[in-house]
Amino acid sequence: MKTEIYQIDEVNPQSFYIKLASDVITGGGTVAFPTETVYGIGANALDYKAVKKIYEAKGRHSDNPLIVHIHEASQLKKIAVSIPPISEPLIRKFWPGPITLIFKKSHAVPDATSGGLDTVAIRMPRSNISLALIKESGCPIAAPSANISGKPSPTSADHVIKDLDGKVNMILDGGNTEIGIESTVIDLTEQIPVLLRPGAVTLEAIQNTIGEVNIDPSILGNYSELSQKSPGMKYNHYSPNAQLILVEGSESNKRKKIGELVEKLIIKNKKVGVMTTDKSFQCNAHLIKFMGSNYESIARDLFGNLRFADYYGVDTIIVEGIDDKEMGLAIMNRLRKAADIKVVT
Ligand code: TXA
Ligand code: MG
């Protein structure tokens with residue numbers, strides 16, 4: 001398949017390109033497009049044949065459900081039933097934005113979209129390109145992250161092209177995404193809401209809005225069968241080709257440990273990369289990447305840095321862990337899932 005690629009303006013998306021892309025969606029095809037979190041690969045959420053093309057393009061397991069994107073709250077009632085009152089303050093405060101809410105699904109949503117579950121994950125993104133595309137298409141758009149399954153999510157059109165060129169009908173290139181990690185996912189079908197995936201809408205912000213929230217154990221690194229409420233969580237994720245070693249602990253212990261690991265690997269003739277939050281960190285690694293100075297900048301560049309390590313050809317990338325607070329929880333969740341080896345010092 002030939003993939004058409006168009007550059008489009010996030011501030012003021014050109015209606016010409018939005019129309020081209022929406023024609024692909026309504027015609028049952030696939031379009032990769034930027035959201036404020038990461039790029040998604042989208043298709044008409046209510047057309048199971050179109051949705052199957054997403055799974056094929058990504059090499060995604062069919063039991064791993066997709067997020068359905070809407071542009072206005074009125075679309076919610078067509079695809080979800082038994083919408084609990086607790087969703088109202090969340091929608092008022094955080095939509096459009098980087099939070100996905102899980103409801104019981106209506107009959108309009110094919111099993112292909114919900115991975116066979118009786119629930120559906122719904123999000124109203126705030127990216128202008130996303131909103132314009134959903135509106136023009138006249139249907140909700142199912143869109144997982146636009147990467148090959150298991151790889152880091154794409155935060156630029158280049159990342160999408162590397163993974164999906166020739167596998168998707170169209171790519172809208174709207175530049176780098178604003179947030180850099182995927183939306184927060186919260187299950188509202190339980191008596192007490194359950195955080196299934198942390199994101200830029202933080203646990204603290206959700207608790208301040210609705211009170212008690214349970215946390216899926218897998219978020220903290222416990223991947224026992226029992227805790228796997230979100231089907232996507234059991235699959236390998238965010239992994240660069242390089243081996244990833246995540247080092248957690250106190251500031252000084254972490255950096256000492258990283259230095260020691262670098263020496264050990266270099267003796268074994270390995271090409272080594274380090275990702276650190278210390279701007280002046282020095283060691284003998286072949287590549288030293290500064291991760292950023294706050295949660296926002298670390299999140300924005302996280303997947304790009306992991307992809308860069310592969311591009312640079314390192315055998316091992318050693319990543320310095322950060323605090324689990326606020327957006328740090330989301331960053332550490334991605335890193336723990338990507339890690340081949342976790343070291344706590
Ligand atoms: O920011 C985002 O959410 C991006 C952009 C494109 O919107 N999308 C995204 O989709 O990250 P995806 O498919 O890569 O991740 C969706 C996650 C998966 O872990 C999936 O298992 C979970 O949400 N999920 C989807 N529907 C679910 C459901 N009904 N119940 C439980 N988990 C669900
Ligand atoms: Mg994904």
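This section describes the nonpolar cores, the setting of one helix, the salt bridges and the unusual backbone geometry of a predicted model.

In soluble globular proteins, nonpolar side chains tend to be buried together. In the present model, the largest nonpolar core comprises 46 residues, and Leu76, Trp95, Ile99, Leu101, Ile122 and Ile206 are those with the most contacts inside it. At least two residues of this core are supplied by each of strand 3 (39-44), helix 2 (48-58), helix 3 (76-79), helix 4 (87-94), strand 6 (99-105), strand 7 (119-123), helix 7 (157-164) and helix 8 (203-210). Helix 2 provides the largest share of the core, namely five residues. When neighbours within four places in sequence are left aside, Leu76 is in contact with Ile70, Ile83, Ile91, Trp95, Phe103 and Ile122. Apart from this core lies another, of 27 residues, which includes Leu246, Met275, Leu306 and Ile331.

Helix 6 (residues 128-137) has as its buried residues Ile129, Ser130, Leu131, Leu133, Ile134 and Ser137. The elements that cover these buried residues include helix 1 (15-26), strand 2 (31-34), strand 4 (67-69), strand 8 (141-142) and strand 9 (170-173). At the start of helix 6, a side-chain oxygen of Ser127 comes to within 3.3 Å of the backbone nitrogen of Ile129, and the helix is followed by Gly138, which has a positive phi near 75 degrees.

Side chains of opposite charge can pair when their charged atoms come close. The structure contains 16 salt bridges. One of them joins the side chains of Arg336 and Glu248, with an N to O distance of 3.1 Å. Because Arg336 belongs to helix 11 (residues 326-338) and Glu248 to strand 13 (residues 243-248), this pair ties together parts that are 88 residues apart in sequence. Both Arg336 and Glu248 are buried.

A salt bridge within a single helix is formed by Lys254 and Glu251, whose closest N and O atoms are 3.7 Å apart; both residues lie in helix 9 (residues 251-267), at a spacing of three residues, or about one turn of the helix. Lys254 has a relative accessibility of 5% and therefore counts as buried, whereas Glu251, with a relative accessible area of 48%, is partly exposed. Lys254 and Glu251 are also linked with Arg255, Asp278 and Glu320 in a network of salt bridges. A further salt bridge brings together the side chains of Lys325 and Asp323 at 3.6 Å, N to O. Here Lys325 is partly exposed, with a relative accessible area of 47%, and Asp323 is likewise partly exposed, at 45%.

Most residues other than glycine have a negative phi, and most peptide bonds are trans. Against this background, the peptide bond that joins Trp95 and Pro96 is cis, with an omega of about -5 degrees, and Pro96 is found in the loop between helix 4 and strand 6. Trp95, on the N-terminal side of this bond, is also among the residues with the most contacts inside the largest core. Asn269, although not a glycine, has a positive phi of about 65 degrees; this residue occupies the loop between helix 9 and strand 14 (272-276) and, at 71% relative accessibility, counts as exposed. Glu326 is also not a glycine and has a positive phi, of about 45 degrees, but Glu326 is found in helix 11 and counts as partly exposed at 43% relative accessibility.

Technical notes
Residues numbered from 1 in each chain as written. Chains lettered and ligands numbered in written order. Predicted model: local features only at pLDDT ≥ 70, side-chain atom pairs only at ≥ 80, totals over all residues. Heavy atoms only, no water. Salt bridge = Lys/Arg side-chain N within 4 Å of Asp/Glu carboxyl O. Helix = DSSP H or I, 4+ residues; strand = E, 2+ residues; numbered from the N terminus. Buried < 20%, exposed > 50% of the residue type's maximum accessible area, 1.4 Å probe, protein only. Contact = heavy atoms within 4.5 Å. Polar contact = N/O pair within 3.5 Å; in protein donor to acceptor, adjacent residues only side chain to side chain. Core = buried A, V, L, I, M, F, W, Y, C linked by side-chain atoms within 4.5 Å.
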